Structures are given as C-alpha cells and as structure tokens.
Amino acid sequence: MNEPMAMVLARAFDARAPLLDAAHEMAVRLFNGFTEGNPDLVVDLYGATAIINNYADPATAGTALVQETLEVLLARLPWMQAVIVKTRRSASAAERLGKLLFGARVDRRVREHGVWYAVDPLMSRDASLYLDTRNLRAWAIRELTGKTVLNTFAYTGSLGVAALAGGATRVAQLDRNGEFLNVAKASYALNGFPVHKQDFLLGDFFSKISYLKKAGARFDCIFLDPPFFATGQGGTVDLVNNSARLINKVRPLLHDGGRLVTINNALFVSGQSYYDTLTALCASGYLQITELIDVPPDFTGYPDTKRGTPVTDPHPFNHATNIAVLEVVGRKE
C-alpha cells in the first residue's frame with residue numbers, strides 16, 4: 001500500500017530539521033522526489049521561501065500534489081514567508097520561472113558557511129543557487145586561500161564567491177548571461193567584496209577561453225560546471241558524449257600544481273563511465289585525480305527517506321552530480 005504523501009513529506013522534512021537555522025537564512029533541499037519516491041516533486045528552501053518544483057507531465061497532473069505540499073509546508077514550517085511553484089513542464093514560460101502561491105516577499109539572500117549569497121528565485125527555471133554543490137563551496141573556502149581562480153559557466157557565481165570568502169586573491173567569473181553575473185555582483189556587495197569589472201567575463205565559453213589563452217592567462221584553480229548540453233558561438237557543450245573536450249580546452253590555463261574542479265550532471269552517464277573518462281585523461285601523466293566531493297545528504301536523500309534506485313549507478317560518486325578535483329602535474333611554466 002502506498003504511503004500518504006503527507007507522511008512522506010513529513011519524514012523528509014524531519015530528516016532535514018537539523019540543517020535549519022533559527023534565523024531562517026540557510027538554503028536546503030527539503031524533498032528530492034527523484035531519490036525519495038516521487039519524481040514529480042522537488043521542494044527547496046531558500047531562507048524563509050520555499051520552492052515547489054512540479055515535474056509532472058502533463059503539468060496539470062501535479063496540481064493536487066502541489067496543493068498538498070503547500071499545506072504540509074505551512075503546517076510544519078509556520079515561519080514560512082513565501083511559497084513559489086515552478087511548473088517545470090508547463091508550456092508557459094512564466095509558469096516555468098515560477099509563481100507565488102503564498103506570501104508576498106521572497107528571500108533575496110541566503111547564508112551558508114558564514115557567506116552570503118544573493119538569490120533571485122523567480123529569475124530562471126532554477127533558483128539561482130545550486131544546492132548540490134554546497135560541499136564544493138565549503139571546499140573552495142577551505143582550499144583556495146591566496147589562489148587565483150577562473151569560474152567558467154559561472155551562472156550566479158557562487159563558487160567564485162566562496163573562493164573569495166576563503167581568501168582567493170583573484171576570481172574571474174565567466175558566463176554568457178549578464179543577468180546571472182549581476183546576481184554574482186550582488187553577492188559581492190553582501191559580503192563587502194570589491195567588484196572589478198575586468199573579472200566579470202561576459203560571453204561565449206569557447207571564445208573567452210581562446211582569448212585567455214592568447215593573453216597568456218594562468219590560474220591556480222578552474223571550476224568547470226557546464227550544462228549537460230548547450231551550443232554557443234565557438235562550439236557545443238555535450239556532457240553525455242564529449243565531456244573530455246571541455247577539460248582539454250581549459251587545462252592549458254592552469255599553473256603546474258593547479259587544480260581543475262570538474263562537475264558532470266548528465267543523468268544518463270554512470271559515475272563509473274565519467275570516472276573512466278577522467279582516468280583516461282590522466283593517462284598522459286599531466287593530470288591526476290586527487291579528490292571526489294560528495295553531494296550533501298539533503299540533496300541525495302537519507303537512509304530512512306530514500307526510495308527506489310537511481311536511473312544510473314553514480315558510484316564511485318554518491319550522486320548523479322559527479323564532482324572531481326584534478327591536479328596538473330609536471331607542467332613546465
């Protein structure tokens with residue numbers, strides 16, 4: 001017999017309770033239906049603003065589920081100030097971006113590991129801060145003191161913001177969407193970081209990387225977090241069929257001993273297949289895998305909340321978001 005959805009949600013919310021802070025400034029995934037038993041639903045929390053993601057197809061099939069989720073949220077989290085629904089498979093662009101179901105004021109910032117991040121929950125289909133890379137932001141704070149950093153496919157720049165919070169001496173943010181980079185600048189303002197215009201690189205990934213190579217630029221760390229598929233002026237991003245191309249594209253921009261953080265979120269690529277791709281790249285001896293970074297448990301689901309099996313086996317990673325740190329070795333400067 002299927003368990004009532006209200007009970008499923010209550011269990012998931014209880015599992016995340018230790019993550020919630022008294023000031024309601026944290027961002028967490030409250031329910032991940034893809035791993036917790038209902039792929040039509042994902043619920044995220046940004047401060048005191050909840051986002052209900054309706055993945056039902058057709059979208060109208062999720063209407064009752066959204067309403068039930070709203071009722072559970074307001075009953076269990078009475079301090080909630082706003083609830084948004086993003087109807088991910090809607091024909092309406094406005095519904096995909098999100099509409100308010102409850103409240104009037106959405107949160108515009110969240111705090112994580114002592115760092116402020118600006119958010120704009122209604123700006124895009126995503127909510128402007130990826131929760132699966134929280135541990136990577138902690139890594140950046142811890143590991144990049146005194147380093148120079150290039151954040152490619154920066155989106156709203158959170159990885160670069162984390163690097164600056166950890167004491168990086170320079171962070172270049174690269175994205176082709178100026179609206180996203182403006183959110184990054186808002187995060188800088190929240191943390192008192194200076195905004196250097198030359199470090200916000202607006203444009204196509206392939207063109208900008210070629211420009212940096214010709215200029216002789218070098219970095220101590222590069223973040224490579226592309227969408228799983230996209231086309232641009234200079235080429236195509238395809239994480240399913242050719243993720244190695246992007247790594248080879250940016251590797252010449254790293255100093256000897258520099259680190260390349262690569263993220264692959266192609267759902268239908270197994271963790272082992274991606275790991276084999278990285279291993280093959282390391283066969284030349286100029287790269288080595290130094291670390292795999294886990295996705296946090298509120299995103300993966302907990303032992304008492306997980307249901308079913310993933311579409312592909314993520315091993316040796318713990319989730320379909322595969323995060324690996326590679327190091328450049330033996331390069332002559």
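Trainee: Why is S128 called buried?

Mentor: This is a predicted model. In it, S128 has a relative accessibility of 1%. Buried means under 20%. The value falls under that cut-off, so S128 counts as buried.

Trainee: What makes the backbone of S128 worth a remark?

Mentor: S128 is not a glycine, yet its phi is positive, about 80°. The residue is in the loop between β7 and α5.

Trainee: What about H113, buried or exposed?

Mentor: Neither word fits. H113 has 43% relative accessibility. Exposed needs over 50%, and buried needs under 20%. The value lies in between, so H113 is partly exposed. H113 also has a positive phi, about 55°, without being a glycine. Its loop runs between β6 (109-112) and β7.

Trainee: Why is the pair of Y130 and Y155 called stacked?

Mentor: Take the distance, then the angle. The ring centres are 4.8 Å apart, and a pair needs centres within 6.5 Å. The planes stand at 25°, and stacked means under 30 degrees. Both tests are met, so the pair is stacked.

Trainee: How do you know that this pair links distant parts of the chain?

Mentor: Y130 and Y155 are 25 residues apart. Y130 sits in the loop between β7 (115-118) and α5 (134-143). Y155 sits in the loop between β8 (148-152) and α6 (158-165).

Trainee: How do Y130 and Y155 rate for burial?

Mentor: Y130 has a relative accessible area of 31%, so it is partly exposed. Y155 has 8%, which is under the 20% cut-off, so Y155 is buried. Both rings belong to one aromatic cluster with F180.

Trainee: Why is the pair of Y188 and F200 called tilted?

Mentor: The centres are 5.2 Å apart, and the planes stand at 55°. Stacked is under 30 degrees and edge-to-face is over 60. The angle fits neither class, so the pair is tilted. Y188 lies in helix α7 (residues 178-191) and F200 in strand β10 (residues 200-202), so the pair ties together parts 12 residues apart in sequence. Both residues are buried.

Trainee: How many aromatic pairs are there?

Mentor: The count comes to 10.

Trainee: What makes α6 largely enclosed?

Mentor: Of its 8 residues, 7 are buried, so the rest of the structure largely encloses α6. Among the buried ones are L159, V161 and L164. Just after the helix, G167 takes a positive phi of about 100°.

Trainee: Why does G166 count as buried?

Mentor: G166 has 13% relative accessibility, under the 20% limit, so G166 counts as buried. The residue is in the loop between α6 and β9 (170-175). Leaving aside neighbours within four places in sequence, G166 is in contact with I141 and T145.

Trainee: Which residues are joined by cis peptide bonds?

Mentor: One such bond joins D57 and P58, with omega about 5°. Another joins H315 and P316, with omega about 10°. P58 is in the loop between β3 (49-54) and α3 (63-76). P316 is in the loop between α11 (297-300) and β16 (322-328).

Trainee: Now the whole chain. How many helices and strands are there?

Mentor: The protein chain has 11 helices and 16 strands.

Trainee: Why is the chain called as compact as a globular protein of that length?

Mentor: Its radius of gyration is 20 Å, and the globule rule gives 20 Å for 333 residues. The values are close, so the chain is as compact as a globular protein of that length. Of its 333 residues, 52% count as buried.

How values were computed: Residues numbered from 1 in each chain as written. Predicted model: local features only at pLDDT ≥ 70, side-chain atom pairs only at ≥ 80, totals over all residues. Heavy atoms only, no water. Helix = DSSP H or I, 4+ residues; strand = E, 2+ residues; numbered from the N terminus. Rg over C-alpha atoms; globule rule 2.2 N^0.38 Å. Buried < 20%, exposed > 50% of the residue type's maximum accessible area, 1.4 Å probe, protein only. Phe/Tyr/Trp six-rings, centres within 6.5 Å; stacked < 30°, edge-to-face > 60°. Contact = heavy atoms within 4.5 Å.
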